[in-house]
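Q: Please take a close look at one helix of this model, covering its geometry, its buried residues and what covers them. Please then set that helix in the context of the rest of the chain.

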Amino acid sequence: MRGGGNGSRSRHGPGGQRVLGGTQKTPKNGGKEYQCPECEKYFQKNGHLQSHLRIHTGVKPHKCLECGKNFNLKGNLYKHQRIHTGEKPHKCLECGKGFSRNSHLYRHQKIHLGEKTHKCLKYGKSFSELGNLYIHQMIHTGEKPHKCLECGKSFSYKSSLYTHQRSHSGEKPHKCLECGKSFSQSSHLYAHQRIHTGEKPHKCLECGKSFSKSSHLYAHQRIHTGEKPHKCLECGKSFSQSSHLYAHQSIHTGEKPHKCLECGKSFSLRFNLCRHQRNHTGEKPHKCLECGESFSQSRNLYTHQRSHTGEKPHKCLECGKSFSRRNSLYIHQRIHTGEKPHKCLECGKSFSQSSNLYTHQKNHTGEKPHKCLQCGKSFRLRGKLDRHQIIHLQKQ
């Protein structure tokens, strides 16, 4: 007997789909039966719909206990917490670099592939991601759609706005696991961590010196080019670095807003205050990998390392003489310029070096700090003491 008894036929159609009574039944919306009343989007599970609804209601029930930031999805909270823990589970098989998010790894891998499918029609520049092309195009349009409600400043990147807002909130979510110091930007944390690792990826092609930050390399290269783009409007003096200009301008203004709570000493730059405070704490974070000696300031470490390498990167463009220290070059250049900034308040005589002024002032004070241990005679200058001691050596 044909038909199976109930008059309704059952068979399998193309692709293995079950066909009842000769009519193909397909699930509506791809099997997603839960619809959002706000935007009419469909979801397969009610739990997914409930999570989605938080986008419209603004409810963020998942809170980070480390910094207090809230999230609408538990998964987003887990991803965020990697900022605090430093966890980077997504690793690039090409170069070994780790990332906290899979999307960041995917973006990074395009560097190795060299894939740049999104092209700017104005100048022909290509990008690996469509989002980066849109952001690039804002250079041409001048568009800055992301505005800070606190101060009104606008940004082309949403991420730049978030980073900027930390200047108002004081939030520093990026913490160094080595020393506990916190930073508002992840890039600042990465740069800081090179203090501990000793990594210096930015190399000067002129003299071979390496730096932990690209900005330090750019500033260093001006030693070779002689470029001094930062000019003082007060006296016309130019500087290779903006920080040197700011420090110089305090000579004209006399302003020193940064005060040490330990000893009361004031500084024109906050950076100089932070450096000074290490005198009180004894902190010496900059260590020489060659001999193990530590320094409170990175520049002292760089200068010290030249005693191992014999490097003299500071060259006088006038006569070609080289120096291991920039300050020694500045003092030397006064021979060519005739500059004598150190003036004796007693008689008005000027000197090119502060040490020469200090020696000269002993003429007025009568001070003779260099004493002969053999006969007790004192001298103003160490050189005169050395010459005097030859008399005793000849008598022996």
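A: The account below begins with the chain as a whole, turns to the chosen helix, and then follows several other sites.

The model is predicted, and the average pLDDT of the chain is 79, with 87% of the residues scoring at least 70. Residues 1-26 call for caution: pLDDT stays under 50 there, and the model has 18 contacts beyond four places in sequence for this stretch. Where pLDDT is low, the predicted coordinates should not be read in detail. The chain contains 13 helices and 29 strands. Of its 396 residues, 23% count as buried. Among contacts with a separation of 6 or more, 6% link residues 24 or more positions apart. The accessible surface amounts to about 28400 Å², and carbon and sulfur atoms account for 48% of that area.

The helix chosen for the close look is α11, which runs over residues 326-337. Its 12 residues span 16 Å from the first C-alpha to the last, close to the 16 Å expected at 1.5 Å a residue. Three residues of α11 are buried, namely Leu329, His332 and Arg334. The cover over these buried residues includes three strands: β24 (314-315), β25 (322-323) and β26 (342-343). Just after the helix comes Gly338, which adopts a positive phi of about 75°.

Helix α1 offers a parallel to this description. It covers residues 46-57, has 12 residues and reaches 16 Å between its end C-alpha atoms, close to the 16 Å expected at 1.5 Å a residue. After α1 comes Gly58, and the phi of this glycine is positive, near 80°.

The cysteines deserve separate attention. A disulfide is a covalent bond between the sulfur atoms of two cysteines. The cut-off applied is 2.5 Å between sulfur atoms, and by this rule the count is 0 disulfides. Cys319 is in no disulfide, and the nearest cysteine sulfur, that of Cys316, lies 3.8 Å away. Cys319 is partly exposed because its relative accessible area is 44%. Cys235 is likewise in no disulfide; the nearest cysteine sulfur in this case belongs to Cys232 and is 3.8 Å away. Cys235 has a relative accessibility of 44% and therefore counts as partly exposed.

Both Cys232 and Cys235 reappear in the surroundings of His248. This histidine belongs to helix α8, which covers residues 242-253. With a relative accessibility of 10%, His248 counts as buried. Apart from neighbours within four places in sequence, the contacts of His248 are Cys232, Cys235, Lys237 and Phe239.

Phe211 provides a buried site in a strand. The residue sits in β17 (residues 210-211), and its relative accessible area of 5% is why it counts as buried. Leaving out residues up to four places away in sequence, Phe211 touches Lys200, Pro201, His202, His216, Leu217 and His220. Between Phe211 and Arg194, the C-alpha separation is 9.6 Å across 17 residues of sequence.

Ile83, by contrast, is partly exposed, at 29% relative accessibility. It is part of helix α2 (residues 74-85). Beyond neighbours within four places in sequence, Ile83 makes contact with Pro173 and His174. Ile83 and Ser186 are 103 residues apart in sequence, yet 8.4 Å separates them in space, C-alpha to C-alpha.

Finally, charged pairs may be considered. Side chains of opposite charge can pair when their charged atoms come close. Under the cut-off of 4 Å between nitrogen and oxygen, the count is 2 salt bridges. One joins Glu87 to Arg82, with the closest N and O atoms 4.0 Å apart. Glu87 counts as partly exposed, at 40% relative accessibility. Another joins Asp386 to Arg382, at 3.4 Å from N to O. Asp386 and Arg382 are 4 residues apart in helix α13 (residues 382-395), so they are separated by about one helical turn. Asp386 counts as partly exposed at 36% relative accessibility, whereas Arg382 is exposed, with a relative accessible area of 53%.

To return to the chosen part, α11 has a span close to that expected for its 12 residues, has strands including β24, β25 and β26 over its buried residues, and is followed directly by Gly338 with its positive phi.

Notes. Residues numbered from 1 in each chain as written. Heavy atoms only, no water. Helix = DSSP H or I, 4+ residues; strand = E, 2+ residues; numbered from the N terminus. Buried < 20%, exposed > 50% of the residue type's maximum accessible area, 1.4 Å probe, protein only. Contact = heavy atoms within 4.5 Å. Areas by Shrake-Rupley, 256 points an atom, 1.4 Å probe, with all protein chains shown as cover. pLDDT = per-residue confidence, 0-100. Salt bridge = Lys/Arg side-chain N within 4 Å of Asp/Glu carboxyl O. Expected span 1.5 Å × (residues − 1).
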